[in-house]
Amino acid sequence: MAGTAGLAALPVRAMAPKTLTARVATAQIAPPKYAATEVWTYDGALPGPVLRVPQGGRLARRLVNDLSVPTSIHWHGIRIDNAMDGVAGLTQEAVPPGGTFDYDFAVPDAGTFWYHAHTNSFEQVARGLSGALIVEEPDAPEVDRDVVLVLDDWLLNPEDAQFMEPFGHPMSLSHGGRLGNLLGTNGTYDYAREVKANERLRLRLINASNARIFVLQLAGLEGWTIALDGMPLPAPEPVEAELILAPAQRIDLIVDVTADVGETAALVRFDDDQWRPQARFPVAGTASATRRDGPAALPPNPNIEVPGIDSARRLDMAMEGGAMGRMSGAMMNGRAIGFREMAGQGQFWALAGQVGMTDTPFASLDRGETVRVRMTNETAFAHAMHLHGMHFRQVAEDGTLGPMRDTILSYPDEPLEIAFVADNPGKWLFHCHMLGHAASGMTTWINVT
Ligand SMILES: [Cu+2]
């Protein structure tokens with residue numbers, strides 16, 4: 001039979017797994033008059049290679065650690081098998097220098113995700129250990145280009161363009177986190193990509209920075225938000241107001257190039273009191289004479305309902321500490337400790353009265369139950385709270401549920417509540433994604449059995 005002949009003709013596939021190697025490299029992040037920066041990368045690329053997997057498939061990569069320190073990879077936003085979540089000290093041992101770890105997991109949801117180091121992440125992510133993970137819809141919306149934009153900032157010494165150290169400076173830990181003095185996209189301060197008039201692009205925005213909240217707008221582009229944190233919105237939402245992208249969050253946009261030939265469209269950010277280009281799109285040539293109709297919604301991902309919130313278990317989580325905070329002290333390693341003593345040990349924050357990881361989880365949940373967590377931000381700073389392993393929805397004052405997210409931005413003195421179904425068994429981190437905050441107290445975990 002023809003089928004048999006076809007099989008026989010297939011090349012023998014090598015049994016060696018695909019690798020992802022963490023190693024030192026250099027990258028020209030800063031303008032050409034500066035030196036290249038020594039960075040930590042996956043496969044020598046900054047950001048790491050874009051990994052693409054079809055929805056419902058599996059991603060398998062052998063992490064090879066060619067760094068001089070232990071590391072591990074977290075697959076951010078994937079509703080993943082707990083053993084593959086990459087959290088050193090909770091779901092696996094960190095991979096020592098010269099060691100390997102085989103990640104191999106199913107990807108149930110289509111969307112824009114990312115991967116990053118989860119061992120000393122406040123340093124390792126800042127040095128460059130992150131990349132995009134795209135899970136493709138079986139029938140993706142029709143666009144002319146699919147563009148991944150990894151937004152980042154870097155704190156460099158202007159003298160030599162190398163990273164400023166220490167990464168965990170008490171001033172940044174206790175304030176807004178490590179904020180860079182150079183901002184950019186896809187590993188460069190001046191990302192540009194040529195487009196055509198009336199071209200339709202899918203922009204996948206990923207905030208890979210340690211602590212920066214990007215405030216973004218479109219210029220010479222008109223479009224719709226179609227997904228947040230990988231999860232499709234029920235209907236595309238026209239981009240009218242500013243887009244807020246907190247650390248670790250993603251926004252998928254479909255945009256049409258409305259700028260004319262010879263102009264430059266852009267994704268612009270607000271900082272230093274003005275709008276500046278975050279990604280430039282010079283327009284050369286015309287894709288079509290007219291714009292297309294608006295896009296349809298993305299197909300929904302499975303298991304996105306959060307039923308039974310009225311009878312759900314309710315938990316409270318106070319977020320406390322930091323500079324200019326009101327916290328006098330908290331529990332740390334099983335004993336009460338004053339804020340001053342905490343600070344002496346480089347710890348500045350607490351979640352639900354606890355500083356950092358505890359032996360017993362913040363919550364022990366029964367698999368399948370619905371949970372509500374009310375968070376009160378009693379600090380002077382914003383925090384991007386991230387739950388591993390499961391997405392959640394914000395519960396509005398009137399009880400309506402917001403979009404599925406894995407990272408939510410909390411502002412001072414604005415309580416918010418989230419709800420989720422604890423349908424993924426395992427030990428899951430719940431932490432601030434301002435990575436310096438996570439390293440100095442704002443990390444806890446839940447256990448689902
Ligand atoms: Cu924080």
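Let's start at the lining of the largest pocket, where the residues divide into 12 nonpolar, four polar and four charged. Keep in mind while reading that this is a predicted model.

**Two pockets**

The largest pocket has a volume of about 480 Å³. Its lining counts 20 residues, and those closest to the pocket centre are Leu228, Glu237, Ile244, Ile251 and Arg405. Several strands contribute here: β14 (221-228), β15 (231-238), β16 (243-245), β28 (401-405) and β29 (407-410) each give at least two residues to the lining.

The second largest pocket holds about 370 Å³ of space. It is lined by 17 residues, with Asn120, Ser121, Ala438, Ala439 and Thr443 the closest to its centre. At least two lining residues come from each of α2 (121-124), β31 (426-432) and α5 (435-439), and the largest share, three residues, belongs to α5. In the second largest pocket, the lining divides into eight nonpolar, nine polar and no charged residues.

Here are the two pockets side by side:

| Pocket | Volume | Lining residues | Nonpolar | Polar | Charged |
|---|---|---|---|---|---|
| Largest pocket | about 480 Å³ | 20 residues | 12 nonpolar | four polar | four charged |
| Second largest pocket | about 370 Å³ | 17 residues | eight nonpolar | nine polar | no charged |

**The copper site**

Helix α5 comes up again at the metal. The copper ion is coordinated by ND1 of His383, SG of Cys432 and ND1 of His437, at 2.0 to 2.1 Å. Along the sequence, these donor residues follow the spacing H-x48-C-x4-H. His383 sits in strand β26 (residues 383-387) and His437 in helix α5, so this pair ties together parts that are 54 residues apart in sequence. Are these two histidines buried or exposed? His383 has a relative accessibility of 0% and therefore counts as buried. His437 is buried too, with a relative accessible area of 0%.

**A four-stranded sheet**

Elsewhere in the chain, it is worth tracing an open sheet of four strands in the order β3-β8-β7-β5, with mixed pairing. The edges are taken by β3 (48-54) and β5 (73-76); each has a single partner strand, so one side of each is left without a neighbour in the sheet. On average, neighbouring strands in this sheet are turned by 20° against each other, direction ignored.

Between β7 (residues 111-117) and β8 (residues 130-136) there are six bridges, and these two strands run antiparallel. To find your place in this pairing, look for Thr112, which stands opposite Ile134 in β8.

Terms used. Residues are numbered from 1 along each chain as its sequence is written. This is a predicted model: local features need pLDDT of at least 70, side-chain atom pairs count only at pLDDT 80 or more; totals for chains, interfaces and linings use all residues. Side-chain values use heavy atoms; hydrogens and water are left out. On a 1 Å grid over the protein atoms alone, a cavity is a set of points where a 1.4 Å probe fits but cannot get out, and a pocket is an open set with protein on both sides within 12 Å along at least five of seven lines; lining residues have an atom within 4 Å of a point. Grid points are joined across faces, edges and corners, and a volume is the space filled by probe spheres set on the points. Ala, Val, Leu, Ile, Met, Phe, Trp, Tyr, Cys and Pro count as nonpolar, Asp, Glu, Lys and Arg as charged, and the others, Gly among them, as polar. Two strands pair if DSSP finds at least two bridges between them. Axes are lines fitted to C-alpha atoms, for helices over the stretch in contact, and angles run from 0 to 180 degrees between N-to-C directions. Donors are N, O and S atoms within 2.8 Å of the metal (3.2 Å for Na, K and Ca); water is not among the atoms, so sites may look incomplete. Buried means under 20% relative accessible area, exposed over 50%, partly exposed in between (1.4 Å probe, protein chains only).
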